[in-house]
Amino acid sequence: MPSKLRLRDWDAFYQRAAHMEDVGTEVKKALDAHVPRIASAVWSDSAVLKYATTPQDRMALSGSRVRASARSTTFTGATRSRLGDLWPVVEFGSTGQKVTTYTGRRGAKRFPVRRHTQRQLPGRDRRGRVLFRYGKEAVRRVLSAYAQTIARTIHEALDGRTS
């Protein structure tokens, strides 16, 4: 059934159109109000760490945080990792073939020592194991929150329910 615009509805239509002039500021206000709360719920330590399967994963990837505003959302993980610079190797794995050579000592006698120091690390995975896998889901959820907030704000502006 096609919708019709009758002349007697013109005043109501004009008033709704007038509400639409400021919809940009209304959308920004709504995004500022809702998206940070949604993003912090989506990207929390507990949500990220549910993908961690080993204690090493949990130790390397704890310290996740989010910064969200109407313009952008930044997800951050492992900012204060207890493993230091080793977290990328834990996230993306290692071939386990790296050999570290150092000089050992027993009493006064010195000798070269060769060790495979990365054999205990997980295997290579370019897609990421914990943070990047969850990041895919988190980005979808936050983009959905942006879209729903914008659609709801425009719908409310059309109905004349803006603040």
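## One turn apart in helix α2

Lys-28 and Asp-32 sit four residues apart in helix α2, so about one helical turn separates them. Some background helps here: an α-helix has 3.6 residues a turn, so residues three or four places apart point the same way. In this predicted model, Lys-28 and Asp-32 form a salt bridge, with 3.2 Å between the closest N and O atoms.

How open to the outside are these two partners? Lys-28 has a relative accessible area of 40%, so it counts as partly exposed. Asp-32 is partly exposed too, because its relative accessible area is 35%.

## More about helix α2

Helix α2 covers residues 23-42. Let's check its length. With 20 residues at 1.5 Å each, the helix should span 28 Å. Its end C-alpha atoms are 27 Å apart, which agrees.

Where does α2 bend? Look at His-34: there is a kink of about 30° there, shortly before the proline Pro-36. And which residues of α2 are buried? They are Val-23, Glu-26, Val-27, Ala-30, Leu-31, Val-35, Ala-39 and Val-42.

## Where α2 meets α6

Now jump along the chain to Thr-153, which lies in helix α6. Is Thr-153 buried or exposed? It counts as buried, because its relative accessibility is 6% and the cut-off for buried is under 20%.

What does Thr-153 touch, once we leave aside neighbours within four places in sequence? Its contacts are Val-23, Glu-26, Val-27 and Ala-30. You've just met those names: Val-23, Glu-26, Val-27 and Ala-30 are among the buried residues of α2.

## The outside of α6

Helix α6 runs over residues 131-158, and Ile-150 is part of it. At 32% relative accessibility, Ile-150 is partly exposed. Ile-150, Ile-154 and Leu-158 together make a nonpolar surface patch of about 200 Å².

Why can Ile-150 belong to a patch? Patch residues need over 30% relative accessible area, and Ile-150 has 32%, so it passes that cut-off.

## A salt-bridge network around Asp-125

Asp-125 is found in the loop between β4 (109-116) and α6. With 16% relative accessibility, Asp-125 counts as buried. Not counting residues up to four places away in sequence, Asp-125 touches Phe-92 and Arg-133. Asp-125 and Ser-94 are 31 residues apart in sequence, and their C-alpha atoms are 8.1 Å apart in space.

Which residues pair up with Asp-125 in salt bridges? One is Arg-127, where the closest N and O atoms are 3.4 Å apart. Arg-127 is exposed, with a relative accessible area of 59%. Another is Arg-133, whose side chain meets that of Asp-125 at 2.8 Å, N to O. Arg-133 is partly exposed, because its relative accessible area is 35%. Through these shared partners, salt bridges join Asp-125, Arg-127 and Arg-133 into one network. A search of the whole structure turns up five salt bridges.

## Two serines

Ser-46 is in helix α3, which covers residues 45-49. Is Ser-46 buried or exposed? It is exposed, because its relative accessible area of 57% is over the 50% cut-off. Ser-46 and Ser-64 are 18 residues apart along the chain, and 9.1 Å separates their C-alpha atoms.

## Stepping back to the whole chain

How many helices and strands are there in the protein chain? You can count six helices and four strands. Going from the N terminus, their order is α-α-α-α-β-β-α-β-β-α.

The chain has 163 residues, and 29% of them count as buried. Its accessible surface is about 11500 Å², with 53% of that belonging to carbon and sulfur atoms. Finally, take the contacts between residues at least 6 apart in sequence: 60% of these join residues at least 24 apart.

Notes: Residues are numbered from 1 along each chain as its sequence is written. This is a predicted model: local features need pLDDT of at least 70, side-chain atom pairs count only at pLDDT 80 or more; totals for chains, interfaces and linings use all residues. Side-chain values use heavy atoms; hydrogens and water are left out. Patches are made of residues with over 30% relative accessible area and no salt bridge: like charges are joined within 9 Å, nonpolar side chains (Val, Leu, Ile, Met, Phe, Trp, Tyr) within 5 Å. Accessible areas come from the Shrake-Rupley method with a 1.4 Å probe; for residues, only the protein chains shown count as cover. A salt bridge is a side-chain nitrogen of Lys or Arg within 4 Å of a carboxyl oxygen of Asp or Glu. Helices (H or I, at least four residues) and strands (E, at least two) are DSSP runs, numbered from the N terminus. Buried means under 20% relative accessible area, exposed over 50%, partly exposed in between (1.4 Å probe, protein chains only). Contact means heavy atoms within 4.5 Å. The expected span of a helix is 1.5 Å times one less than its number of residues. The bend at a residue is the angle between axes fitted to the seven residues ending there and the seven starting there.
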